[in-house]
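Here is a short report on one protein chain. Please look over the sequence and the structure before reading on.

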Amino acid sequence: MRHLRLHGALFDGIIDYSFELDDEGQPYWAISTYKNSRGFSLPEADGIILLNATTGQMDRYGMDEVPEWVDRVQPEDFIMTQLGHKGEYV
């Protein structure tokens, strides 16, 4: 987390660290980034940061640019919150 914050993600909303391997077996930490859609509530994922676990290199991707090998972008609690508000905040 310290490496992530000190190398460009200091003021970003970050959540949900998941360990993933790419197609060549290279290890990465996939960290979801988010923005709150209403003040300090209703968080919604807006992209992902892939942190290479061996080199420390970070790459940012928007929701439409995420590599196919990444399995998890949206945190489960974001989805459950959105489902809970379905119809309530249309």
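The report goes from the overall layout to the core, the surface and then single residues.

**Overall layout**

This is a predicted model. The protein chain has two helices and four strands. Read from the N terminus, the order is α-β-β-β-β-α. The chain has 90 residues, and 33% of them count as buried. Its exposed surface comes to about 6,200 Å². Carbon and sulfur atoms supply 52% of that area. Take the contacts between residues at least 6 apart in sequence: 37% of these join residues at least 24 apart.

**The nonpolar core**

Which residues make up the largest nonpolar core? There are eight: Tyr28, Ala30, Ile48, Leu50, Val66, Trp69, Val70 and Val73. Strand E2 (27–38) and strand E3 (41–52) are the elements that each give two or more residues to this core. In soluble globular proteins, nonpolar side chains tend to be buried together.

Val70 is one of the core residues. Beyond the residues up to four places away in sequence, Val70 touches Glu20, Ile48 and Leu50. Ile48 and Leu50 are themselves members of the core.

Ile49 also sits in strand E3. Its relative accessibility is 0%, so Ile49 counts as buried. Ile49 and Tyr17 are 32 residues apart along the chain, and their C-alpha atoms are separated by 9.6 Å.

**The nonpolar surface patch**

Tyr17, Phe19, Leu21 and Trp29 make a nonpolar patch on the surface, with an area of about 400 Å². E1 supplies the largest share of this patch, three residues. Phe19 is found in strand E1. Is Phe19 buried, partly exposed or exposed? Phe19 counts as partly exposed, because its relative accessibility is 48% and the exposed class starts over 50%.

**Two buried polar residues**

Ser18 lies in strand E1, which spans residues 13–21. Ser18 has a relative accessible area of 14%, so it counts as buried, the cut-off being under 20%. Its side chain makes a polar contact of 3.4 Å with the side chain of Glu20. Setting aside neighbours within four places in sequence, Ser18 is in contact with Tyr28, Trp29, Ala30 and Arg72. Two of these partners, Tyr28 and Ala30, belong to the largest nonpolar core. Another, Trp29, is part of the nonpolar surface patch.

Asn52 has its place in strand E3. With a relative accessible area of 8%, Asn52 is buried. Which side chains make polar contacts with the side chain of Asn52? One is Gln26, at 3.0 Å. Another is Thr54, at 2.7 Å. Leaving out residues up to four places away in sequence, Asn52 touches Gln26, Pro27, Tyr28 and Gln57. Gln26 therefore appears both as a contact of Asn52 and as its polar partner, while Asn52 itself is buried.

The side-chain polar contacts of these two residues are listed here.

| Residue | Partner side chain | Distance |
|---|---|---|
| Ser18 | Glu20 | 3.4 Å |
| Asn52 | Gln26 | 3.0 Å |
| Asn52 | Thr54 | 2.7 Å |

**Two exposed residues**

Lys35 is placed in strand E2. Its relative accessible area is 53%, so Lys35 is exposed; the cut-off is over 50%. Not counting residues up to four places away in sequence, Lys35 touches Leu42, Pro43, Glu44 and Asp46. How many residues separate Lys35 and Ile14 in sequence? They are 21 residues apart, and 9.0 Å apart in space, C-alpha to C-alpha.

Where does Thr55 lie? Thr55 is in the loop between E3 and strand E4 (58–62). Thr55 is exposed, at 57% relative accessible area. A polar atom of its side chain lies 3.3 Å from the backbone nitrogen of Gln57. Gln57 is also touched by the buried residue Asn52. The C-alpha atoms of Thr55 and Tyr28 are separated by 9.7 Å, with the two residues 27 apart along the chain.

**Tyr28 as a shared point**

Tyr28 turns up in several places above. Tyr28 is a member of the largest nonpolar core. Ser18 is in contact with Tyr28, and Asn52 touches Tyr28.

Terms used:
Residues are numbered from 1 along each chain as its sequence is written. This is a predicted model: local features need pLDDT of at least 70, side-chain atom pairs count only at pLDDT 80 or more; totals for chains, interfaces and linings use all residues. Side-chain values use heavy atoms; hydrogens and water are left out. Buried means under 20% relative accessible area, exposed over 50%, partly exposed in between (1.4 Å probe, protein chains only). A polar contact is a pair of N or O atoms within 3.5 Å; within protein, one must be able to donate a hydrogen and the other to accept it, and residues adjacent in sequence count only if both atoms are side-chain atoms. Contact means heavy atoms within 4.5 Å. A nonpolar core is a set of buried Ala, Val, Leu, Ile, Met, Phe, Trp, Tyr and Cys residues joined through side-chain atoms within 4.5 Å. Accessible areas come from the Shrake-Rupley method with a 1.4 Å probe; for residues, only the protein chains shown count as cover. Patches are made of residues with over 30% relative accessible area and no salt bridge: like charges are joined within 9 Å, nonpolar side chains (Val, Leu, Ile, Met, Phe, Trp, Tyr) within 5 Å. A salt bridge is a side-chain nitrogen of Lys or Arg within 4 Å of a carboxyl oxygen of Asp or Glu.
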